[in-house]
Amino acid sequence: MRLTRYHMPTLKEKPAEAEIPSHQYLLRAGMIRKLASGIYSFLPLGWRVVKKIINIVREEMDRAGALEVFLPIVQPAELWQESGRWNVFGKELLRFKDRHQRDFCLGPTHEEVIVDLVRGEVRSYKQLPLNLYQIHTKFRDEARPRFGIIRAREFIMKDAYSFDKSWEDLEVSYQKMYEAYCRIFKRCGLDFVVVEAETGAIGGDVSHEFMVWADTGEDVIVFCEKCGYAANRERASFAFEKSPSEEAPKTPEKVHTPNVRTIEEVSSFLGVEPSRLLKSLVYRTSAGEFVLFLVPGDRELNEAKAARALGVEALEMALPHEVLEIAGASVGFVGPCNLKKRVKIVADRTVEGRVNFVSGANEDDYHVVNITPGRDFEVDLYADVVFAEEGDRCPNCGELLRFSRGIEVGHIFKLGTKYSSAMNATFLNEDGKEKPFIMGCYGIGVTRIAAAVVEQKHDENGIIWPITIAPFEVSLVATNMKNETVREIAENLYEAFVESGIEVLYDDRDERAGFKFKDADLVGIPIRVTVGERSAKQNKVEVKLRRSQDVEVLPVEKVLDRVMELRQMLYRELEP
RNA sequence: CGGGGCGUAGCGCAGUUUGGCAGCGCACCAGCUUCGGGAGCUGGGGGUCGCCGGUUCGAAUCCGGCCGCCCCGACCA
């Protein structure tokens, strides 16, 4: 491709809206443009990158035995009402009416549609296993889109759905996807880690996320360097050994603490370590029941863990008036003793066996000190309901856990029968019995991969694309188009590259060398071939990799072979 | 949804405090010079100053309302 015939609107200055490298460079390199908050257009160069990612994803999905389909983005409300998610999904689901006033939504994910499709087509266990996937636009009306195409409202996703006759078979389907995902991310040039993850609104029991290491990531990865344990902080467990307190339980005592509410305030007012306070939080479960959670003052309640411990779908903080009804005191003075209404009490496991805690007295402006679980109040359940913190130890091997940030590029779930049961999607098994499909679902953020790669592969001059997803393989720079020798060599090389099937972007613009180098570095094409005046006189050109400072000066006739060699080397590095 | 910031040419910004010709740099067009790390000079084109309303002889500037965008948090397959 000749640059004079191409559209590559690079920007010298950093756009005001962009904060992180991927957003800045994708805009500056002329790859994306914003249409509205969280909604982006892809320009020719950016779209070439996305298409290459799509091709890799498609090759690996096909290789894993999945079958490509194409499902509608506009989906009728009835399907979502049937699965129960029409009322659960919240504002992320963009809803609207057609001309007949019928409710529709834009698909944020496609479980409903795929289950509807498969239940009408598949009747027998002989047709299983089945794994259907698509690469398509998703729309999620995010509360706060951010970071360019990392968290966009409209984005391209690969989503796959497996249907099996048994849990054993699901395990096989899941493992195939796990391996396909590893191959995909390796080929895209990403340094990633697979972590145990929360399932969120998609549901199911087991899930893994594929995380790309990046300081700008929104997720926190908790991992162990010794044994390889890795989990999203939302899910991460940590080692805890119950050690009965040496202290003798003292007598509870009510103390006046006027307007002292937060952990910090109580801690400094009473001169007590935060770890001795019992943070008392009232929640309402999705089943409509109220629960009081007790966690040490220096720890944070993890709602996902808490919901799982109770076996409920979701938890919501109780409203101030509900707290008042249950505790008889306002927020800040709630505690487990003398609750006005008896509710279930769940304490974090780190509380068990310890004595002499401080908590709210369930009376405004009063706290109570020296309370001990089991004696002064009953705990209905001890469970792991808090986040892992710096300093906690690995649940597997006891090594100190490490914390790092990451970008989620893939997520795989064992769904089980959540959707097939709700939507009555069944098949006949070997015994002629009707059974719901055992499902899995598997997502990859295709456009997010492009951004994640830039986050990981860039320097102060721009992007450094892995060759597998680079918009072009070779950047051919003619330093001066007015110089006959330079132009002739460059034109001949261009023809040779094209004939050899090399994807080359030939900078044949009438610009100065420095200008072209800056653009080439910004856009990040992995191999650069430079035809300059001085070496051209000796019939030589320069070959350089974007990621390196080293320059090779070669006779013109050797350049094609050398470029083919480098290209092959770069692809080899990224083979799974 | 809570808090903060911003909105002036395609991009980056000044001008708003104290009302009085709508500006600068980059980019774009033409010409000349230049030519290995975002060139110089000369000339030129491009604006509902986010929108609506109000105050005023006069509003980018003051007042009211609305909209959009970004950041932090909450939320989030």
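In this predicted model, the buried residues of helix α1 pack against a mixed set of elements, namely the strands β1 (32–36), β2 (39–42), β25 (458–459) and β26 (462–463) together with the helices α10 (446–456) and α12 (513–523). Helix α1 itself spans residues 21–28 and is mostly covered, with seven of its eight residues buried. One residue of α1, Leu-26, is also listed among those with the most contacts inside the largest nonpolar core, which has 61 residues.

**Helix α1 and its surroundings**

- The buried residues of α1 are Ser-22, His-23, Gln-24, Tyr-25, Leu-26, Leu-27 and Arg-28.
- The axes of α1 and α10 lie 8 Å apart and the two helices pack at an angle of about 105 degrees; because angles from 65 to 115 degrees count as roughly perpendicular, α1 and α10 are described as roughly perpendicular to each other.
- On the α1 side this packing involves Pro-21, Ser-22, His-23, Tyr-25 and Leu-26, which meet Ala-451, Val-454 and Glu-455 of α10.
- Just after α1, Gly-30 adopts a positive phi of about 70 degrees.

**The segment before α1**

- Leu-3 is found in the segment that precedes α1, and with a relative accessibility of 7% Leu-3 counts as buried, since the cut-off for that class is under 20%.
- When neighbours within four places in sequence are left aside, Leu-3 is in contact with Met-8 and with Leu-505, Tyr-506, Asp-507, Asp-508 and Arg-509.
- Leu-3 and Pro-471 are 468 residues apart in sequence, while their C-alpha atoms are 13 Å apart in space.

**The largest nonpolar core**

- Besides Leu-26, the residues with the most contacts inside the 61-residue core are Met-31, Ile-53, Tyr-181, Phe-185, Ile-449 and Trp-465.
- Helix α2 (residues 44–63) supplies the largest share of this core, eight residues.
- Domain 1 (42–237 + 403–455) and domain 3 (465–573) both give residues to the core, so the core lies between these two domains.
- Phe-185 is in contact with Leu-190, Phe-192, Phe-210, Val-409, Gly-410, Ile-444 and Ile-449, again leaving aside neighbours within four places in sequence.
- As a general background to such an arrangement, nonpolar side chains tend to be buried together in soluble globular proteins.

**Packing of α2 and α5**

- The axes of α2 and helix α5 (residues 167–187) come within 9 Å and cross at roughly 155 degrees, and that angle makes α2 roughly antiparallel to α5.
- The crossing of α2 and α5 is right-handed.
- Helix α2 contributes Ile-56, Val-57, Glu-59, Glu-60, Met-61 and Arg-63 to the contact, and helix α5 contributes Met-177, Ala-180, Tyr-181, Arg-183, Ile-184 and Arg-187.
- Met-177, which is found in α5, has a relative accessibility of 1% and therefore counts as buried.
- Leaving aside neighbours within four places in sequence, Met-177 is in contact with Met-61, Ala-64, Asn-131 and Tyr-442.
- The C-alpha atoms of Met-177 and Val-291, which are 114 residues apart along the chain, are separated by 38 Å.

**The loop between β10 and β11**

- Ala-214 has its place in the loop between β10 (206–213) and β11 (219–223), and at 9% relative accessibility Ala-214 counts as buried.
- Not counting residues up to four places away in sequence, Ala-214 touches Arg-405, Gly-406, Ile-407 and Glu-455; Glu-455 also appears among the α10 residues that meet α1.
- Ala-214 and Asp-348 are 134 residues apart along the chain, and 31 Å separate their C-alpha atoms.

**Domains and overall organisation**

- The domain assignment of chain A gives domain 1 (42–237 + 403–455), domain 2 (253–383) and domain 3 (465–573).
- Taken over C-alpha atoms, the centres of domain 1 and domain 2 are separated by 37 Å, and the contact between these domains takes eight residues from domain 1 and seven residues from domain 2.
- The secondary structure of chain A comes to 14 helices and 31 strands, and buried residues make up 53% of its 576 residues.
- Along the principal axes, the C-alpha atoms of chain A fill a box of roughly 95 × 65 × 50 Å.
- Of the contacts in chain A between residues at least 6 apart in sequence, 69% join residues at least 24 apart.

Terms used: Residues are numbered from 1 along each chain as its sequence is written. Chains are lettered from A and ligands numbered from 1 in the order in which they are written. This is a predicted model: local features need pLDDT of at least 70, side-chain atom pairs count only at pLDDT 80 or more; totals for chains, interfaces and linings use all residues. Side-chain values use heavy atoms; hydrogens and water are left out. A nonpolar core is a set of buried Ala, Val, Leu, Ile, Met, Phe, Trp, Tyr and Cys residues joined through side-chain atoms within 4.5 Å. Buried means under 20% relative accessible area, exposed over 50%, partly exposed in between (1.4 Å probe, protein chains only). Helices (H or I, at least four residues) and strands (E, at least two) are DSSP runs, numbered from the N terminus. Domain bounds come from an automatic or database domain assignment. Contact means heavy atoms within 4.5 Å. Axes are lines fitted to C-alpha atoms, for helices over the stretch in contact, and angles run from 0 to 180 degrees between N-to-C directions. Angles under 35 degrees count as roughly parallel, over 145 as roughly antiparallel, 65 to 115 as roughly perpendicular and the rest as oblique. A crossing is left-handed if the near helix is turned anticlockwise from the far one by less than a right angle, and right-handed if clockwise.
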